Amino acid sequence: MITNFIRFARQVKELTLKTLSSNDLLMVVDNKGVAKKVHASDFSSPTALQIVFAHVSFDGSGGNKFDGSTISSHNTKSVTRDSEGVFTIEFDSARTSGNYTVVASAGGGNHTSSGRSVSIDAHTATSVTVRVERTDTGSQQDESYIAVVVLG
């Protein structure tokens, strides 16, 4: 399966900048893996649907010298390194609860012999904490590219 990540990144950016109306079309994948276009009205709250609540990407490889700088972000107040491989992302505007979906990835470069795993340690109305680990040793890792998307 080929995924066009450049197009996906553009779509994420567009979704963070607008609240959908019931007539807007979205590309989704159904439970059989088939891509199709659907109207925003097919979702439970079509007039106030904000798909991407927050997103951030950053270089966490600076270790103790990490200064919170981001590569790209939306609704992100700060990124703090709590310990090796553990980062807390604070939102600009709080959610009503910690009930949301977090999608995260980590890894700058080729990691074929030891991939990276991202776990969600905590999620509240104001922040989410992620942990990056090596898949071969389980040790926490400050990685050169970490991306977090908060949906809902």
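## Salt bridges at a glance

How many salt bridges does the structure hold? The structure holds 5, and three of them are picked out further down. Keep in mind that this is a predicted model, so a look at confidence comes before the details.

## How far to trust it

Averaged over the protein, pLDDT comes out at 80, and 72% of the residues reach at least 70. The two extremes are helix H1 (residues 5-16), where confidence is lowest with a mean of 54, and strand E6, where it is highest at 97.

Two stretches drop below 50. One is residues 1-6, which has 0 contacts in the model once near neighbours in sequence are set aside. The other is residues 45-49, and for that stretch the corresponding count is 12 contacts. As a rule, predicted coordinates should not be read in detail where pLDDT is low. That applies to the 12 contacts of residues 45-49, since pLDDT there is below 50.

## The E5-E6-E9-E8 sheet

Start with the open sheet that has E6 in it: 4 strands, in the order E5-E6-E9-E8, with antiparallel pairing. E5 and E8 sit at the edges, each pairing on one side only. From one strand to the next, the twist averages 25°.

At one end of the order, strand E5 (residues 76-83) and strand E6 (residues 86-91) run antiparallel and are joined by 6 bridges. If you want a landmark in this pair, take Thr80, whose bridge partner in E6 is Thr88. The E5-E6 hairpin has 2 residues between its strands, and Gly85 takes a positive phi near 75° there.

At the other end, 7 bridges join E8 to E9, and these strands also run antiparallel. Here the landmark is Ser117, which has Glu133 as its bridge partner in E9.

## The E4-E3-E10-E7 sheet

The other open sheet also has 4 strands and antiparallel pairing, this time in the order E4-E3-E10-E7. Its edge strands, each pairing on one side only, are E4 (72-74) and E7 (101-106). Neighbouring strands here are turned by 10° against each other on average, ignoring direction.

Strand E3 (residues 52-58) pairs with E4 in the antiparallel sense, over 3 bridges. Val56 is a handy residue to look up in this pair: its bridge partner in E4 is Ser73.

## What sits in the core

The largest nonpolar core has 18 residues, and the members touching the most others are Val128, Val148 and Val150. Strands E3, E6, E7, E9 and E10 each supply at least two residues of this core. The largest share, 4 residues, comes from E3. In general, nonpolar side chains tend to be buried together in soluble globular proteins.

What does Val128 touch, leaving out residues up to four places away in sequence? Its contacts include the aromatic residues Phe87, Phe91 and Tyr100, along with Ile89, Val102, Ile120 and Ala122. Thr88 and His123 are also on the list, as are Val148 and Val150. So Val128 touches both of the other valines named as best connected in the core. Thr88 turns up twice in this picture, as a contact of Val128 and as the bridge partner of Thr80.

## Three of the salt bridges

Arg81 and Asp142 form a salt bridge whose closest N and O atoms are 2.8 Å apart. This pair links distant parts of the chain, with Arg81 in strand E5 and Asp142 in the loop between strands E9 (127-134) and E10 (146-151), 61 residues apart. Is Asp142 buried or exposed? Asp142 counts as buried because its relative accessibility is 13%, and the cut-off for buried is under 20%.

Arg131 and Asp121 meet through their side chains at 2.6 Å, N to O. Arg131 lies in strand E9 and Asp121 in strand E8 (residues 116-123), so this salt bridge ties together parts that are 10 residues apart in sequence. Arg131, at 22% relative accessibility, counts as partly exposed, and Asp121 does too, at 36%. Arg134 has its own salt bridge, to Asp136, with the closest N and O atoms 2.9 Å apart. Arg134 is partly exposed at 22% relative accessibility, and Asp136 is partly exposed at 42%.

Terms used
Residues are numbered from 1 along each chain as its sequence is written. Side-chain values use heavy atoms; hydrogens and water are left out. Two strands pair if DSSP finds at least two bridges between them. Axes are lines fitted to C-alpha atoms, for helices over the stretch in contact, and angles run from 0 to 180 degrees between N-to-C directions. A salt bridge is a side-chain nitrogen of Lys or Arg within 4 Å of a carboxyl oxygen of Asp or Glu. Buried means under 20% relative accessible area, exposed over 50%, partly exposed in between (1.4 Å probe, protein chains only). pLDDT is the predictor's confidence in each residue, from 0 to 100. Contact means heavy atoms within 4.5 Å. A nonpolar core is a set of buried Ala, Val, Leu, Ile, Met, Phe, Trp, Tyr and Cys residues joined through side-chain atoms within 4.5 Å.
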